[in-house]
Amino acid sequence: MSSTRAWHLVSRPAGVPRASDFELRDSGLPELQEGMVRIRNRWLSVDPYMRSRMNDVKSYVPSFQLGEPMEGGAVGTVIESRSPLFAEGDTVLHMAGWREEAVLTADKANKLPNLGVPDEQWLGNLGLTGGTAYFGLLRVAEAKEGDTVFVSAAAGAVGSAVVQIAKARGMTVIGSAGGEEKCAWVRELGADQVIDYKSGPLVKALQAAAPKGIDVYFDNVGGDHLDAAFASARGNARFAICGMIDNYNGGEPPAFRYIMRIIAARIMLKGFIYTDFMGEIGDFYRDMGGWVASGKVKSRETVRDGLEAMPQAFLDLFRGANIGKMLVKL
């Protein structure tokens, strides 16, 4: 039986994960049977949601199992096929990341069309990242032309896509990011106002940026950002709750000092995940493909090289070391 190198979770983190929670091991690959493909990975996705999979709790995706290879989005090349759906050399998207090679049944891989875009875009604006931004903003929050939109983690992978989609649809955008370099990037993306959340109280900063209030909040952070959004919400504001990276590693829960404004302002909050909208994926590919091709939506990646870099790239998400999408290139 052949094997590949893969990262395994060897202990469940308590709080912020440590390098010792992960171990790079040789992992056996199943024999290639009819209807299966062998893929050599070239790009691995690094995402905050992976933190919740390290806990042994019931969630919308299964927990990583101790001692087993970890998973995540990946783009690779088919190097052997026993399926009529794939040929050697095909570029595919799948979820067997955190490893060099994978053997999968054909239904676990998606052949990618040749749109003339870099392959890593399928893990970014043309993949789960861009789809999360698109559906969260336009379907969950029902954002429309003329709305004022507040986006947290606006220099991150999802947040930067939200900023650009909102501008493409004629909205006013306020983005929050940490530090001068990230704020400059959010301005370059077209945000009308940018808040450096490290420079002072968020509530005051958001009220100054949006004196008439906000119609939509796209939440990637939780904590103080969500509190500030409550304080600045206009009547019938809509909040799309995508992620709460402030609380993924435990710690004190947010105070929610202004949460009672949900009642007076009739605020709608809704959590969501990307796979809720698979029936509308054609709309996403049509719109995002057009925006990427026209230059209305652009990307920036933070790239680490080699499989060995995977755990540190993941840990760096929680200290804000990335601008745009965090990726590992093999």
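This passage describes a parallel sheet, its helices, several salt bridges and selected loop residues in one predicted model.

The structure is a predicted model, in which local features need a pLDDT of at least 70 and side-chain atom pairs count only at pLDDT 80 or more, whereas totals for chains, interfaces and linings use all residues. Residues are numbered from 1 along each chain as its sequence is written, and side-chain values use heavy atoms, with hydrogens and water left out.

Helices and strands are DSSP runs numbered from the N terminus (helices: H or I, at least four residues; strands: E, at least two). An open sheet of six strands, paired in parallel, follows the order β10-β9-β8-β11-β12-β13. Two strands are taken as paired if DSSP finds at least two bridges between them. In general, strands of a sheet pair through backbone hydrogen bonds, either parallel or antiparallel. The edges of the sheet are formed by β10 (193–196) and β13; each has a single partner strand, so one side of each is left without a neighbour in the sheet. On average, neighbouring strands of this sheet are turned by 15 degrees against each other, direction ignored. Strand β9 (residues 172–177) runs parallel to β10 and is joined to it by four bridges. Within this pairing, S176 stands opposite I195 in β10.

Two helices lie across strands of the sheet. Helix α2 lies across β8, β9 and β11 (214–219), and its direction makes an angle of about 165 degrees with β9. Helix α3 (residues 180–188) lies across β9 and β10, running at about 165 degrees to β10. For these angles, axes are lines fitted to C-alpha atoms, for helices over the stretch in contact (heavy atoms within 4.5 Å), and the angles run from 0 to 180 degrees between N-to-C directions.

Helix α1 was examined for its length and its surroundings. A straight helix of 13 residues would span 18 Å at 1.5 Å a residue, but α1 spans only 16 Å between its end C-alpha atoms. The expected span is 1.5 Å times one less than the number of residues. Eleven of the 13 residues of α1 are buried, so the helix is largely enclosed by the rest of the structure. Here buried means under 20% relative accessible area, exposed over 50%, and partly exposed in between (1.4 Å probe, protein chains only). Among the buried residues of α1 are T129, Y134, F135 and V140.

Two loop residues have an unusual backbone angle. Most residues other than glycine have a negative phi. E142, which is not a glycine, nevertheless has a positive phi of about 50 degrees; this residue is placed in the loop between α1 (128–140) and β8 (148–151). E142 is exposed, with a relative accessible area of 52%. A153, also a residue other than glycine, has a positive phi near 50 degrees and is placed in the loop between β8 and α2 (157–168). At 30% relative accessibility, A153 counts as partly exposed.

Side chains of opposite charge can pair when their charged atoms come close. The structure holds 24 salt bridges (a side-chain nitrogen of Lys or Arg within 4 Å of a carboxyl oxygen of Asp or Glu). One of them joins R38 to E101, with the closest N and O atoms 2.6 Å apart. This pair links distant parts of the chain, as R38 belongs to strand β3 (residues 36–46) and E101 to strand β6 (residues 101–105), 63 residues apart. Both R38 and E101 are buried. A salt bridge is also formed by R139 and E280, whose closest N and O atoms are 2.4 Å apart. R139 lies in helix α1 and E280 in the loop between β13 (268–271) and α7 (281–294), so the pair ties together parts that are 141 residues apart in sequence. R139 is partly exposed, with a relative accessible area of 27%, and E280 is partly exposed, with a relative accessible area of 27%. In the salt bridge between D316 and R319, the closest N and O atoms are 2.9 Å apart. D316 is buried, at a relative accessible area of 3%, whereas R319 is exposed, at 61%. Salt bridges that share partners join R139, R169, E280, D283, R286 and D287 into one network.
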